[in-house]
Amino acid sequence: MSVSHADQFGCGTKLRVFVHLAENKDALRWKAAWDAGTLVGVNDETPYGYGRANAFGCAVSFSKSSRERWTGKLLRYGARLILGFDILHAWHQRHEFENADVIWTHTESQYLAVAGVVRLTGIKTKIIGQTVWLFDHWSKLSLPKRYLYAYLIKRVDVLTFLSTGNMQVADRLFPDTDLRLVPFGIPAEAKVPPRMRDQAPFRILAIGNDRHRDWPALLEAVRSQSDLLVTILSGTIPKRLFQDIPNVEVRSAQSAEELRNAFEAANVACIPLQPNLHASGITAIQEAVLAGVPVVASDTGGLRHYFSDSEVHYVPPSDPAALLQALLDIRHRPDDARQMAVKAQARMGSGGLSASDYILSHVRISRDILCERTEPLALTEAVQPVDKIA
């Protein structure tokens with residue numbers, strides 16, 4: 001086993017961070033798509049902005065995709081289907097795991113795989129595991145999976161969460177585990193000032209592929225409102241839901257520029273959500289806020305931890321009537337809507353919601369668990385407290 005760089009030098013020099021992501025989030029392919037403008041959304045040149053940790057006392061490397069024959073891919077997919085995580089992709093990264101001081105992951109699919117590999121090999125590297133969906137459906141898992149996942153979770157040094165909802169569930173299930181709330185943020189350097197927009201026609205933009213988008217509620221809300229023009233950018237909405245509604249257009253965005261143009265044309269961004277625990281929709285909300293567009297969103301998933309009801313117009317989930325009324329409120333009170341967008345946008349940036357603050361939280365947690373600091377962390381004044389349950 002390698003000697004920990006952090007332990008050897010008392011965290012006085014760069015921490016070696018290995019970011020383990022899904023097989024299709026290879027950093028080189030991500031960068032190529034970012035350069036070409038085909039990476040849709042507000043993104044960083046490194047996956048989810050994790051490369052920004054290089055500027056905060058870290059040396060960051062990323063998991064890599066492996067060349068596979070069809071037999072290898074079939075085996076990997078089969079193992080993933082059975083286990084619920086990609087153990088073979090993680091196995092290919094095991095030497096990088098051993099040579100790092102800390103491993104960061106983006107979802108439970110990755111940290112369960114990492115924990116499985118280090119359990120098998122005896123690697124001692126620290127693991128920070130970000131949870132997204134797991135505790136939404138924990139009670140529906142089979143008993144063998146719950147036992148397996150619990151065994152693997154106990155090898156993860158810190159579990160991080162984007163929402164208080166799934167963090168509270170995890171605290172009940174794993175009371176002895178170090179749990180931290182780390183608000184998600186996207187690159188917030190570029191902002192479009194909110195402005196008054198022409199109200200005729202009134203254009204509603206809804207985006208996202210998350211499993212908890214409540215498309216039926218939105219479509220029911222606007223079905224009989226021919227003067228509301230709805231654009232849905234999604235590759236997951238079933239065609240049968242919208243094919244008979246003439247004022248609804250559904251397509252997939254093919255480029256970052258196409259998404260920017262859609263926001264430019266929109267009077268309001270609508271994020272309809274089914275009840276969930278994991279801050280579903282927060283990326284789309286932040287993208288709309290940066291574009292200067294007022295937001296209507298379902299009040300679920302812990303979104304109020306990110307934006308208050310003076311910054312986002314919240315409605316009860318799965319309530320088409322309330323959703324329609326909120327959209328009409330935005331239409332009939334455009335100046336109030338613009339002020340709401342101004343307040344929301346003020347939450348974005350250094351010391352608030354941003355990719356840099358999201359990454360800084362990971363850096364702080366890493367130094368906490370590697371250096372066992374008793375004095376305040378002196379990385380930068382931009383580091384904000386990370387909520388902790390331990």
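This passage describes the confidence, overall dimensions, burial and charge distribution of a single protein chain in a predicted model.

The mean pLDDT of the protein chain is 90, with 92% of its residues reaching 70 or more. Two segments depart from this level of confidence: over residues 1-10 the pLDDT stays under 50, although the model still places 19 contacts beyond four places in sequence for that segment, and over residues 373-386 the pLDDT likewise stays under 50, with 27 contacts beyond four places in sequence.

The secondary structure of the protein chain comprises 14 helices and 13 strands. As to overall dimensions, the radius of gyration of the protein chain is 22 Å, which agrees with the value near 21 Å that would be expected of a compact globule because the chain has 390 residues. Along the principal axes, the C-alpha atoms occupy a box of roughly 65 × 50 × 45 Å. Among the contacts of the protein chain with a separation of 6 or more, 72% are accounted for by residues that lie 24 or more positions apart.

Of the 390 residues in the protein chain, 53% are buried. The area that the protein chain exposes is about 17600 Å², and carbon and sulfur atoms supply 52% of this area. With regard to charge, the protein chain carries 44 positive and 42 negative charges, and the mean positions of these two sets are 5 Å apart.

How values were computed
Residues are numbered from 1 along each chain as its sequence is written. This is a predicted model: local features need pLDDT of at least 70, side-chain atom pairs count only at pLDDT 80 or more; totals for chains, interfaces and linings use all residues. Side-chain values use heavy atoms; hydrogens and water are left out. pLDDT is the predictor's confidence in each residue, from 0 to 100. Contact means heavy atoms within 4.5 Å. Helices (H or I, at least four residues) and strands (E, at least two) are DSSP runs, numbered from the N terminus. The radius of gyration is taken over C-alpha atoms; the globule rule is 2.2 Å times the number of residues to the power 0.38. Buried means under 20% relative accessible area, exposed over 50%, partly exposed in between (1.4 Å probe, protein chains only). Accessible areas come from the Shrake-Rupley method with a 1.4 Å probe; for residues, only the protein chains shown count as cover. Lys and Arg count as positive and Asp and Glu as negative; His and the chain ends are not counted. The place of a charge is taken as NZ of Lys, CZ of Arg, CG of Asp or CD of Glu.
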